[in-house]
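My notebook is open, and I want to look up a few things one by one. Here is what I have on the screen.

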Amino acid sequence: MNLTLHLTDNCNLDCSYCIREKCPKDMSEEVLLKACDLAFAQGIQAGLCFFGGEPLLKKDLIYKALDYCEKKSAETGIRFESKMTTNGTLLDEEFLERARDAKMGIGLSFDGKAQDICRVFANGSPTSAVVEEKAKLLLKYLPDSVALATIAPQAVPYYFESIKYLHDLGFRKVSFVIAYGHKVNWTDEDLDLLRTELEKTAEYLKELFIKNERFYMSAINAKISDCIKGKNNAERCHLGVRQMPVTPDGSLYPCTSFIGDKAYLLGDVFNGINNEKVIEMAKRAATPETCLECDLVKRCTNSCGCANRMNTGDENKVSPLQCTYERMLIEISDNLGEELYQIDPVRFAKFYS
Amino acid sequence: MKVTPAKDYRKPLYAVGVAAAVLALATTGCTDPKPKPGIDYAGDIQMVSETTEESVMELITDGIVSSN
Ligand code: SF4
Ligand code: SF4
């Protein structure tokens, strides 16, 4: 099974949109190894995503987990895969060599040209210069790494510029999501500007397509390819079944925004998963009532319990922000898809299906 | 900003066209019909997961805007 390991609740950055409480709580080696065992105990593959806080504050635990899981994979024949989401400031050559050996996927949280607006060190100083250097180092070792940008309202004017900057830096894959939760306040004006920025992005993707250059921009590319495939992983909430977070003390929850809410505790790494509770939770997940009659219901992320809970306080209630963003994104993606299909249907099929 | 259900949506032509072409390839055995389940990057509402080298990454929703 897949687990997200919160190796520590501590972080060396103080990002304005972060909703996690920072505290010096680290995962013990005992919890770590039990979590690894759990990942191997169920399913056809074992997956770990190292997360935090900032996971690189606990490099020792990452090395231990990799050694342990690689050995276990060799013994059991179960495939092992690892990823990490990091702010990048603590990356170094020694770590990257080990990560490369382990074929680890690294997602670098990097807001591009908007980096210093929201992502600052704990003492308030800017992070962009440091992270830019670390990004270059990361791409030298792992060129398939992904840049993960979180766009808060203040960062919207830099949206397209940031995509271009990250691409110029060498990223071939970027994931841009909008910031949700109580720390951000979106207005209609922000969303109008976001539309303009998304349109510029679509135009850029078209230019690259004409030049036969592959570049993956998650928000738009995924909407197009999911539409072609007739599937949408976000159609149904995966609460607790797709990738469970493990807290530093070993507790299991359905998804990150539910951490700490005892009503959603799904077990722990010592006693295993409470399957009855997982089933009960899955049964409770429903398409929001407001969406039942919508033609886009199968293309939209309306059922994400995590986003819904963050935005509306109710896992089955979608927010106006998410609805507006989803409609805009689908429209812009489809317009781009139609254009590219007209330009070169064969290349389009190769790039997007 | 309001929750506004969309009406009169029609499946885009690109999706109809490419889906038919992909189906033709699948019946000749040229595509991998069962992508493997992968681990995803934690930390974003909308995330990426790679299935094969060529694969287009999936849109999935896991985790939240959080510490990273
Ligand atoms: S576009 Fe809006 S109304 Fe339609 S499914 Fe998505 S959130 Fe619901
Ligand atoms: S709450 Fe959202 S992010 Fe969490 S598992 Fe469900 S769909 Fe995924």
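**Entry 1: a helix in chain A**

I began with H1(A), where Val31(A), Leu32(A), Ala35(A), Cys36(A), Leu38(A), Ala39(A) and Phe40(A) are buried. Buried means under 20% relative accessible area, exposed over 50%, and partly exposed in between (1.4 Å probe, protein chains only). Helices are DSSP runs of H or I with at least four residues, strands are runs of E with at least two, and both are numbered from the N terminus.

Note to self: this is a predicted model, in which local features need pLDDT of at least 70, side-chain atom pairs count only at pLDDT 80 or more, and totals for chains, interfaces and linings use all residues. Residues are numbered from 1 along each chain as its sequence is written, chains are lettered from A and ligands numbered from 1 in the order written, and side-chain values use heavy atoms, with hydrogens and water left out.

Next I checked the span of H1(A): its 13 residues (29-41) should cover 18 Å at 1.5 Å a residue, and the end C-alpha atoms are 18 Å apart, which agrees. The expected span is 1.5 Å times one less than the number of residues. After H1(A) comes Gly43(A), with a positive phi near 85°.

**Entry 2: another helix**

I then went to H5(A), where Val131(A), Ala135(A), Leu137(A), Leu138(A), Leu139(A) and Tyr141(A) are the buried residues. They pack against helix H3 (93-101), strand S4 (105-109), helix H4 (115-118) and helix H6 (159-169) of chain A; contact means heavy atoms within 4.5 Å.

**Entry 3: one serine**

Where does Ser319(A) lie? I found Ser319(A) in the loop between helix H10 (305-312) and helix H11 (320-343) of chain A. Ser319(A) is buried, at 4% relative accessible area. Its side chain reaches the backbone nitrogen of Gln322(A) at 3.1 Å. Leaving out residues up to four places away in sequence, Ser319(A) touches Asn311(A), Thr312(A) and Val3(B).

**Entry 4: chain B on chain A**

Val3(B) sent me to the interface. I read that 47 residues of chain B are in contact with 96 residues of chain A. About 5900 Å² is buried between the two chains, and carbon and sulfur atoms give 60% of that. Buried area is the accessible area (1.4 Å probe) that two parts lose on being put together, summed over both. Helix H1 (13-27), strand S1 (44-47) and strand S2 (60-62) of chain B each supply at least two residues of the side touching chain A. H1(B) gives the most to that side, with 7 residues.

Note on methods
Polar contact = N/O pair within 3.5 Å; in protein donor to acceptor, adjacent residues only side chain to side chain.
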